[in-house]
Amino acid sequence: MEHLDVIIINGKAVLPAGVVKTDIGIKDGKITVIKKGIQNEADFIWDAEGQYIFPGMIDVHVHFSEPGREHWEGFHTGSMMMAAGGCTTYFDMPLNGIPSTVNQAALYEKARLGNEKSFVDFSLWGGLVPGNEKDLEALAESGVIGFKAFLSTTGNKEFEAVDDISLLNGMKMIAKLNKVLALHSESAAITNWLKAEKEKEGKCSADDYLETRPIIAEVEAVERAIYYAEITGCPLHFVHISSAKAIEKIEQAKQKGMNITVETCPHYLLFNHEHLRELGTIAKCAPPLREQEEQQKLISLLIDNKFDMISSDHSPCPYDLKDPNVYNLFQAWGGISGGQFSLLSMIELALRYNIPFETVAKWTASAPAERFGLSDRKGKIAEGADADLAIITLEESYFVTEENYYAQHKQSLYIGHTFPCKVVGTFIRGNAVFKDGRLAAQTPVGGWLKPEGCTVVK
């Protein structure tokens, strides 16, 4: 009888077809057997009695600002945070680091740092910015998971928003390369004009900020991108969508057979504009947290499976860039820090709205893997798949404090929130990287993942 590396016994495994009480055997980083009563000997046995075993989360949207801004969040602290949240793979966005990931040299340097420092696996986005259309082919061949562009002002001089011609040229090339373009979809013209109007009047309250980034700005950008995708044939992924009207446009395009997926983030589902009023800059993001009525619409759309996946959009910065004693709400850096809490957030919503756990696993694991070419090894609990697992208990709650938040900077919208569940273990390719409330891995074990079909290796 084969000697196994790890056996997880008595757990409730969240399989694609539903939750099943079973054992899981792991050898050489892979799941080798799923059945009750595994009798093999193993180096390590985890008794998961009363616990749920989810496929490790794949978070397709995080900002680890390395190289160049590691003091914002780097691979070391960022990946520790992901492990603590049951996330076993993340996709790092191409901006906020210096240089941005807009050419092959920058991609390889970022990958080198990630391979040295990351405790869980990762993939890397390439950027589409004005003037780098010539770099897209090399980025695709070298292993980017897809491309990212902004339709609104980025606030980052190293990564500019695309103009319409750059967008069309980029879409044409990305379609040819059989990649996906992820878009931050807010109209720069609308948001910049409204912001300038408020600033002329000397207004900078939470309500003023919300009014400068209205739902119509998101809808206009989404609709324009869909028109451009119709012309170019470019597959699209809409990030952090925050409004029902934008989803309506995306649904119409999907019904026409267009190659489009869409995500939203836990902060749009658990929080709303009242939290911006109460907390100020800590709760500032773009698009903004919406009014409570819109929040409820998003939850209904989630329940109706109108979102393909969930991502954190973990976008941290040093607190001094959000300090309300220095910057007003318009000047402060915008971004929610919270990558550790995405899976817990979705389980909280599942418990509240009676959503099956296998649906949570689809949003957080299998759908991202399938969309971005990793489903041959990631995204599900299945024999032959990587042993990437998040072990959850519903018997303990999790009250978020600065001490149990592993991010570089502890100021977060989630501080003080209580989840009705807790991550008790995280396995990445059979390695227990998080256990009993603390990091278990002594050294980083993560690596750079490239999608199926990528042949260039470096």
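Colleague: What makes D163 a cap of the N-terminal end of helix 4?

Modeller: A side-chain oxygen of D163 lies 3.1 Å from the backbone nitrogen of I165. A polar contact needs an N or O pair within 3.5 Å. The 3.1 Å pair meets that cut-off, so D163 caps helix 4. Bear in mind that this is a predicted model.

Colleague: How do you know that the length of helix 4 fits its residue count?

Modeller: Helix 4 covers residues 164–176, which is 13 residues. Its first and last C-alpha atoms are 18 Å apart. The expected value at 1.5 Å a residue is 18 Å, and the two are close.

Colleague: Which residues of helix 4 are called buried?

Modeller: They are S166, L167, G170, M171 and I174. The label requires under 20% relative accessible area.

Colleague: Why do you put the buried residues on the same side of helix 4?

Modeller: They cover an arc of only 130 degrees around the axis, so they share one side of helix 4. The face turned away from that buried side carries I165, K172 and K176, which are exposed. Exposed takes over 50%.

Colleague: What do the buried residues of helix 4 pack against?

Modeller: Helix 3 (136–142), strand 10 (147–150), strand 11 (181–184), helix 7 (215–232) and strand 12 (236–238). After helix 4 comes N178, with a positive phi near 60 degrees.

Colleague: Take helix 7. How do you know that its span agrees with its residue count?

Modeller: Its 18 residues should span 26 Å at 1.5 Å a residue. The end C-alpha atoms are 26 Å apart, so the values agree.

Colleague: What covers the buried residues of helix 7?

Modeller: The cover includes helix 4, strand 11, helix 5 (188–200), strand 12, helix 8 (244–255) and strand 13 (260–264). Among the buried residues are E218, R224 and Y228. G233 follows helix 7, and its phi is positive, near 75 degrees.

Colleague: Why is helix 13 called largely enclosed?

Modeller: Because 12 of its 15 residues are buried. They include F357, W363, P368 and R371.

Colleague: Where does helix 13 bend?

Modeller: At W363, by about 45 degrees. W363 is itself buried.

Colleague: And how do you know that the span of helix 13 agrees with the expected one?

Modeller: The 15 residues, 357–371, should span 21 Å at 1.5 Å a residue. The end C-alpha atoms are 20 Å apart, which agrees. Helix 13 is followed by G373, where phi is positive, near 80 degrees.

Definitions and conventions. Residues numbered from 1 in each chain as written. Predicted model: local features only at pLDDT ≥ 70, side-chain atom pairs only at ≥ 80, totals over all residues. Heavy atoms only, no water. Helix = DSSP H or I, 4+ residues; strand = E, 2+ residues; numbered from the N terminus. Expected span 1.5 Å × (residues − 1). Bend = angle between axes of the 7 residues up to and from the residue. Buried < 20%, exposed > 50% of the residue type's maximum accessible area, 1.4 Å probe, protein only. Arc of directions from axis to C-beta. Contact = heavy atoms within 4.5 Å. Polar contact = N/O pair within 3.5 Å; in protein donor to acceptor, adjacent residues only side chain to side chain.
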